[in-house]
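User: I'd like to go through this model feature by feature and learn how to read each one. Can we start with helix packing?

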Amino acid sequence: MAIPPNRDTVLCMSLAGRPGTFGVRFHNHLYGQLGLDYYYKAMTTQDLPAAVAGIRALGIRGCGVSMPYKEACMALVDEVDPSAAAIDSVNTLVNTDGHLKAYNTDYLAVRQLLERHQVDPKTAFALRGSGGMAKAVASALRDAGLREGIIVARNEQAGRQLADMCGYRWQAELGDLCPPMLVNVTPIGMAGGPEADQLAFAEHAIAAAERVFDVVAMPARTPLIRRAEALGKPVITGLDVIALQALEQFVLYTGVRPTDAQVAQAVAYARQP
């Protein structure tokens, strides 16, 4: 049963350029299931340093960090966990008596998913994107043993930097190449965005792929995922990622690990329209 907010309620939040509802519903549903006196709110900001200072000053226990703040947060915290330090990108802040520690549970979630789906380390792939989330995914692929990869990014500086960091190649466009695995880590296909109805990769590349991975979570079945499923391809969805990373955030904030059944209920609730 949810505990009514009161003066002792522990506050958690998220910061995103375009706040969503998944995290709010997921965390608050689990607080209610477990009888925890916590409350979660999604926010955005035009002044990131002031927002992070507010987290520290107001005693907000935890904060999820999404685009476009993941890299800029690095300079605003007191301590950086190895999961974030290795890729210079943050998606979680934990406040312990004014001490802010940064983590990256996106990285941890992707590593778990690669293991669950038994992705062969010999698999060649193309990853489209070069931002903070792309760093987490590319680093997870590298650390899972995948050595043959292409970073596809129109921003040459960011794309080359990510490719060099992980030991991959950079290209501005995929062109005629058809690698066995396609990974989208851009907003293409995101609900409400300017490219909501577009495919992140060309039709011929999707048709030739053996597996498709789209990090966009809203909707879970993006145009890319729907096309891959129609062709009978195994897929990993952004919903898989967001659920796992949110679970790890929940544990960091509360010290409590819900059961698989409780997590499944929270995910189902969070996905409701």
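User: At what angle do α1 and helix α10 pack, and how far apart are their axes?

Analyst: Keep in mind that this is a predicted model. The general idea first: two packed helices are described by the angle between their axes and the distance between the axes. Here, α1 and α10 (residues 260–270) pack at about 140 degrees, and their axes are 8 Å apart. The two helices are therefore oblique to each other, and their crossing is right-handed.

User: Which residues make that contact?

Analyst: On the α1 side you have Phe 22, Arg 25, Phe 26, His 29, Leu 30, Gln 33 and Leu 34. From α10 come Gln 262, Val 263, Gln 265, Ala 266, Val 267, Tyr 269 and Ala 270. By type, the contact splits into nine nonpolar residues, four polar and one charged. A handy rule for reading such lists: an α-helix has 3.6 residues a turn, so residues three or four places apart point the same way.

User: What angle do α1 and α9 make?

Analyst: Helix α1 (residues 22–34) packs against α9 at about 50 degrees, with 10 Å between the axes. That makes α1 oblique to α9. The crossing here is right-handed.

User: Which residues of α1 meet α9, and what do they meet there?

Analyst: Phe 22, Phe 26, His 27, Leu 30, Tyr 31 and Leu 34 are the α1 residues. Across from them, α9 offers Leu 239, Ile 242, Ala 243, Ala 246, Leu 247, Gln 249, Phe 250, Tyr 253 and Thr 254. Sorted by type, that contact has twelve nonpolar residues, three polar and no charged.

User: Now the interior. How many residues are in the largest nonpolar core, and which have the most contacts inside it?

Analyst: That core has 32 residues, and Leu 127, Val 137, Leu 141, Val 185 and Phe 213 have the most contacts inside it. At least two core residues come from each of α4 (105–116), β7 (125–128), α5 (132–143), α6 (156–166), β10 (181–184) and α9 (238–254). α5 gives the largest share, seven residues. If you want to trace one residue, take Leu 141: leaving out residues up to four places away in sequence, it touches Leu 114, Phe 125, Leu 127, Leu 146, Tyr 168 and Met 181. Another core, of 24 residues, lies apart from this one, and Phe 22, Ala 220, Tyr 253 and Val 267 are among its members.

User: How do I read one helix against its surroundings? Say, which residues of α8 are buried?

Analyst: Look at which side chains are covered, then at what covers them. In α8 (residues 223–230), Pro 223, Leu 224, Ile 225 and Ala 228 are buried, and the buried residues pack against β10, α7 (203–208), β11 (211–214) and β12 (235–236). Glu 229 is also found in α8, but at 33% relative accessibility it counts as partly exposed. Beyond its neighbours within four places in sequence, Glu 229 contacts Arg 221 and Val 235.

User: And in a strand, is Ser 14 buried or exposed?

Analyst: Ser 14 sits in β1 (residues 10–15) and counts as buried, at 14% relative accessibility. Residues up to four places away aside, Ser 14 touches Tyr 40, Lys 41, Ala 42, Met 43, Cys 63 and Gly 64.

User: Last topic, the backbone. Which peptide bond ending at Pro 68 is cis?

Analyst: As background, most residues other than glycine have a negative phi, and most peptide bonds are trans. The bond from Met 67 to Pro 68 is cis, with omega near 5 degrees; Pro 68 lies in the loop between β3 (62–65) and β4 (79–80). Met 218 and Pro 219 are also joined by a cis bond, with omega about 5 degrees, and Pro 219 is in the loop between β11 and α8.

User: Where is Asp 97, whose phi I should check?

Analyst: In the loop between β5 (92–96) and β6 (99–103). Asp 97 has a positive phi of about 55 degrees although it is not a glycine, and it is exposed, with a relative accessible area of 81%. Gln 118 has a positive phi too, near 50 degrees. Its place is the loop between α4 and β7, and at 69% relative accessibility Gln 118 counts as exposed. For a glycine, look just after α8: Gly 232 has a positive phi of about 80 degrees.

Key. Residues are numbered from 1 along each chain as its sequence is written. This is a predicted model: local features need pLDDT of at least 70, side-chain atom pairs count only at pLDDT 80 or more; totals for chains, interfaces and linings use all residues. Side-chain values use heavy atoms; hydrogens and water are left out. A nonpolar core is a set of buried Ala, Val, Leu, Ile, Met, Phe, Trp, Tyr and Cys residues joined through side-chain atoms within 4.5 Å. Buried means under 20% relative accessible area, exposed over 50%, partly exposed in between (1.4 Å probe, protein chains only). Helices (H or I, at least four residues) and strands (E, at least two) are DSSP runs, numbered from the N terminus. Contact means heavy atoms within 4.5 Å. Axes are lines fitted to C-alpha atoms, for helices over the stretch in contact, and angles run from 0 to 180 degrees between N-to-C directions. Angles under 35 degrees count as roughly parallel, over 145 as roughly antiparallel, 65 to 115 as roughly perpendicular and the rest as oblique. A crossing is left-handed if the near helix is turned anticlockwise from the far one by less than a right angle, and right-handed if clockwise. Ala, Val, Leu, Ile, Met, Phe, Trp, Tyr, Cys and Pro count as nonpolar, Asp, Glu, Lys and Arg as charged, and the others, Gly among them, as polar.
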